[in-house]
Amino acid sequence: MRVAGVLSEVVDNGGGVVHGGAIATLLGTALTFALIAPEDRDWSKIDLRVDYLRSLMIGPVAVTARAVHAGRRTGHAEGELRDASRVLCAPAMGTFVPSV
């Protein structure tokens with residue numbers, strides 16, 4: 001799954017740097033949909049790990065995510081967020097449970 005867009009000043013943490021919460025939200029959403037798409041069932045996130053490798057500036061971004069495992073009781077997905085220059089800014093891993 002790939003999601004691309006342009007981040008505006010709404011998520012500016014000061015000096016044109018994107019707030020870490022916005023980065024986590026983008027990655028968490030992409031990881032969730034990476035599990036939903038092939039399984040056609042809803043998942044709830046129980047753990048999200050984001051490694052902030054470098055500052056992300058306001059502007060174009062791309063998030064890619066893939067399901068690693070989708071079992072009966074848990075699911076795992078991983079993804080990454082890259083800036084306009086395609087430089088890796090934040091990789092992420094998530095653990096999920098099926099939604100009731």
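Ala-65 stands opposite Gly-79 in β4. The exercises below build outward from that pair. The structure is a predicted model, in which local features need pLDDT of at least 70 and side-chain atom pairs count only at pLDDT 80 or more, while totals for chains, interfaces and linings use all residues. Residues are numbered from 1 along each chain as its sequence is written, and side-chain values use heavy atoms, with hydrogens and water left out.

**Exercise 1. The overall fold**

Determine how many helices and strands the chain has, and in which pattern they follow one another.

*Solution.* Step one is to fix the terms: helices (H or I, at least four residues) and strands (E, at least two) are DSSP runs, numbered from the N terminus. Step two is the count, which gives one helix and five strands. Step three is the order along the sequence, which reads β-α-β-β-β-β. The radius of gyration of the chain is 14 Å, close to the 13 Å that the globule rule gives for 100 residues, so the chain is as compact as a globular protein of that length. Here the radius is taken over C-alpha atoms, and the rule is 2.2 Å times the number of residues to the power 0.38. Along the principal axes, the C-alpha atoms fill a box of roughly 45 × 20 × 20 Å.

**Exercise 2. Strand pairing**

State how many bridges join β3 to β4, β4 to β5, and β2 to β5.

*Solution.* Two strands pair if DSSP finds at least two bridges between them. Begin with β3 (residues 59–70): nine bridges join β3 to β4, and the two run antiparallel. A hairpin of four residues connects them. Next, β4 (75–83) and β5 (88–98) are joined by eight bridges, again in the antiparallel sense. Within that pairing, Ala-77 has Gly-94 as its bridge partner, and Arg-82 has Leu-88. Finally, β2 (residues 43–50) pairs with β5 in the antiparallel sense over seven bridges; Trp-43 stands opposite Pro-98 there.

**Exercise 3. The two faces of β4**

Identify which side chains of β4 point to the buried face and which point to the other.

*Solution.* First, apply the cut-offs: buried means under 20% relative accessible area, exposed over 50%, and partly exposed in between (1.4 Å probe, protein chains only). Then follow the alternation along the strand. Gly-75, Ala-77, Gly-79, Leu-81 and Asp-83 point to one face and are buried. His-76, Glu-78, Glu-80 and Arg-82 point to the other face and are not buried. For the chain as a whole, 34% of the 100 residues count as buried.

**Exercise 4. A turn residue**

Locate Arg-86 and describe its phi angle.

*Solution.* Arg-86 is placed in the loop between β4 and β5. These strands form a hairpin with four residues between them. Phi of Arg-86 is near 65°, a positive value in a residue other than glycine. Most residues other than glycine have a negative phi. With a relative accessible area of 69%, Arg-86 is exposed.

**Exercise 5. Contacts of three residues**

For Thr-32, Tyr-52 and Gly-59, find which residues each one contacts beyond four places in sequence.

*Solution.* Contact means heavy atoms within 4.5 Å.

- Thr-32 lies in helix α1 (residues 20–39). This residue is buried, at 12% relative accessible area, and is in contact with Trp-43, Lys-45 and Phe-96.
- Tyr-52 is found in the loop between β2 and β3. With a relative accessible area of 45%, Tyr-52 is partly exposed. Its contacts are Gly-20, Ile-23, Ala-24 and Cys-89. The C-alpha atoms of Tyr-52 and Ala-90 are separated by 4.8 Å, although these residues are 38 apart along the chain.
- Gly-59 lies in β3 and counts as buried at 11% relative accessibility. Gly-59 touches Gly-5, Val-6 and Leu-7. The C-alpha atoms of Gly-59 and Trp-43, 16 residues apart along the chain, are separated by 30 Å.

To finish, turn to the chain as a whole: of its contacts with a separation of 6 or more, 67% are between residues 24 or more positions apart.
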